[in-house]
Every structure is written in structure tokens, then in C-alpha cells.
Amino acid sequence: MENSSGIRASLAGRYATALFALATENKAIETVEASLASLGNAMGESDDLKALISSPVLSRADAGKAIAGIAKEMKLDDLTTNVLGVLAANRRLDQIPAVIRAFSTLASSHRGEITAEVTSAHPLDDAQVDALKAQLKKRVGSDVSVSTSVDPSILGGLVVKIGSQMIDNSIKTRLNTLSQAMKG
């Protein structure tokens, strides 16, 4: 876990590291990873869930009840549900996306994979993700786990982050570069 010291430095990283340690101890890394992935997908699709995790007006008790109900409805594993309860009790539900990313990085590192965060203007299909993984594997020399997100503001192309390296091949960046070049 070469990334673990950097991950532990952040607030979300400490929660993710604790969850990863529990998942490792209980031999449930894949189960927790699947639960976190489905929670991440649900947050991407539900404005209500986004509002819940970012709402400063909900009391700790109400936030805890709401997130426990969501976890039960989504059939999330017990470890993930417990950590969500701790996040709610500490008024840290807004850290869920960062916890998901940090846990994914820890799990990938545990499997010997490198994690790449890929941003595209439109959702990528499975064939595109597989082709991207193959290209990234050629570039870095090991298996690559891909975490995708959609940002329509980049207009087209991809932005790929692997560790501290960023490959920005977006149309937005190309247009900005051209604009700067034309200004002289």
C-alpha cells in the first residue's frame, strides 16, 4: 500500500483506511468495494441522496436514520453501513465520495493494480473502458483499475489521472490552449 500514507493524511482517507483494515480483517474487501460502488452510483443518479449527504440542517440523529435506511434499502454490507453511521454521527456524510475513492485506491493497491481516474464528457461504455484499460496498461506496465466520472464541461476527449500524473486530452483544454496561442 504505497499510497496509504498519502491517503491517511486526508480526513476521508482516515475513514477509508479504517474501513479497509476492517474489510481486510473480515475478508470482505470485494464486498465492501461493491457496496461502495453501488452507493457511488446511487449518489450520481439521485439528487435527493446528494442533498442528504451535503445538508447542514439535518441533525446527527436524522442523518444517521436516513443513511441507515438507505443502506438497508440498498442492501449494503454491515461494515459499510457501520462506517456510514459513523460518518453521519460525526457530521461527515459529505466525505462519502472521497471515502469511496480512497477505499478504491487502497483495494486496487492491495491487488497490485494502479488506479486511474478518468473524466469524460459522456458516459463510457464497457468496450471503451476495456480499451482504455488496455492502453493504460501498456503505458504504465501493470494492471489498471479505472474509476470513471462524467463532466460535460470538458466538451469531449478524456482527462486521465494516474497518481500524480495527469493526461488532459479534453477539447476544453485544447480550445483554451488555442485561445492563449492566438492572444500571442
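This briefing covers the overall layout, one helix, the internal spaces and three serines of a single chain. The model is predicted. The chain has 9 helices and 4 strands, which follow one another along the sequence as α-α-α-α-α-α-α-β-α-β-β-β-α. Of its 184 residues, 35% count as buried.

**Overall layout**

- Taken along the principal axes, the C-alpha atoms fill a box of roughly 55 × 35 × 30 Å.
- Among contacts between residues at least 6 apart in sequence, 66% join residues at least 24 apart.

**Helix 4**

- Helix 4 spans residues 47-54, and its buried residues are Leu-49, Leu-52 and Ile-53.
- Viewed down the helix axis, these buried residues fall within an arc of 90°, so they line one face of helix 4.
- That buried set packs against helix 3 (29-45), helix 5 (60-73) and helix 7 (96-110).
- The face turned away from the buried side carries Asp-47, Asp-48 and Ser-54, which are exposed.
- At the N-terminal end, Ser-46 acts as the cap of helix 4, with a side-chain oxygen 3.4 Å from the backbone nitrogen of Asp-48.

**The cavity**

- The count of cavities of 30 Å³ or more comes to 1.
- The largest cavity holds about 40 Å³ of space.
- Its lining consists of Leu-19, Leu-36, Leu-39, Thr-80, Val-83, Leu-84, Leu-87, Ile-96, Val-99 and Ile-100.
- By class, this lining has 9 nonpolar residues, 1 polar residue and no charged residue.
- Helix 3, helix 6 (78-89) and helix 7 each supply at least two residues of the cavity lining.
- Helix 6 gives the most to the cavity lining, with 4 residues.

**The largest pocket**

- About 970 Å³ of space lies in the largest pocket.
- The pocket is lined by 28 residues, of which Gly-40, Asn-41, Ile-100, Ser-147 and Thr-148 are the closest to its centre.
- Two or more lining residues come from each of helix 3, helix 4, helix 7, strand 1 and strand 2 (144-150).
- Helix 3 gives the most to the pocket lining, with 8 residues.
- The pocket lining divides into 9 nonpolar, 11 polar and 8 charged residues.
- Ile-100 appears in the lining of the largest cavity and is also among the residues closest to the centre of the largest pocket.

**Ser-120**

- Ser-120 lies in strand 1, which covers residues 114-120.
- Ser-120 has a relative accessible area of 3%, and therefore counts as buried, the limit being under 20%.
- Its side chain reaches the backbone oxygen of His-122 at 2.5 Å.
- Leaving aside neighbours within four places in sequence, Ser-120 is in contact with Ser-149, Val-150, Asp-151, Ile-154, Gly-157 and Leu-158.

**Ser-149**

- Ser-149 is found in strand 2.
- With a relative accessible area of 37%, Ser-149 is partly exposed, because that value falls between the 20% limit for buried and the 50% limit for exposed.
- The side chains of Ser-149 and Thr-119 are joined by a polar contact of 3.3 Å.
- Ser-149 is in contact with Val-118, Thr-119 and Ser-120, leaving aside neighbours within four places in sequence.
- Ser-149 and Val-159 are 10 residues apart in sequence, and their C-alpha atoms are 9.9 Å apart in space.

**Ser-170**

- Ser-170 sits in the loop between strand 4 (165-168) and helix 9 (171-183).
- The relative accessibility of Ser-170 is 2%, so this loop residue counts as buried.
- A polar contact of 2.7 Å links the side chain of Ser-170 to the side chain of Asp-168.
- Not counting residues up to four places away in sequence, Ser-170 touches Ile-154, Gly-156, Gly-157, Leu-158 and Val-159.
- Ile-154, Gly-157 and Leu-158 are among the contacts of Ser-170 and also among those of Ser-120.

How values were computed
Residues numbered from 1 in each chain as written. Predicted model: local features only at pLDDT ≥ 70, side-chain atom pairs only at ≥ 80, totals over all residues. Heavy atoms only, no water. Buried < 20%, exposed > 50% of the residue type's maximum accessible area, 1.4 Å probe, protein only. Polar contact = N/O pair within 3.5 Å; in protein donor to acceptor, adjacent residues only side chain to side chain. Contact = heavy atoms within 4.5 Å. Arc of directions from axis to C-beta. 1 Å grid on protein atoms, 1.4 Å probe; cavity = no way out; pocket = protein on both sides within 12 Å on 5 of 7 lines; lining within 4 Å. Points joined across faces, edges and corners; volume = space filled by probe spheres on them. Nonpolar A, V, L, I, M, F, W, Y, C, P; charged D, E, K, R; others polar.
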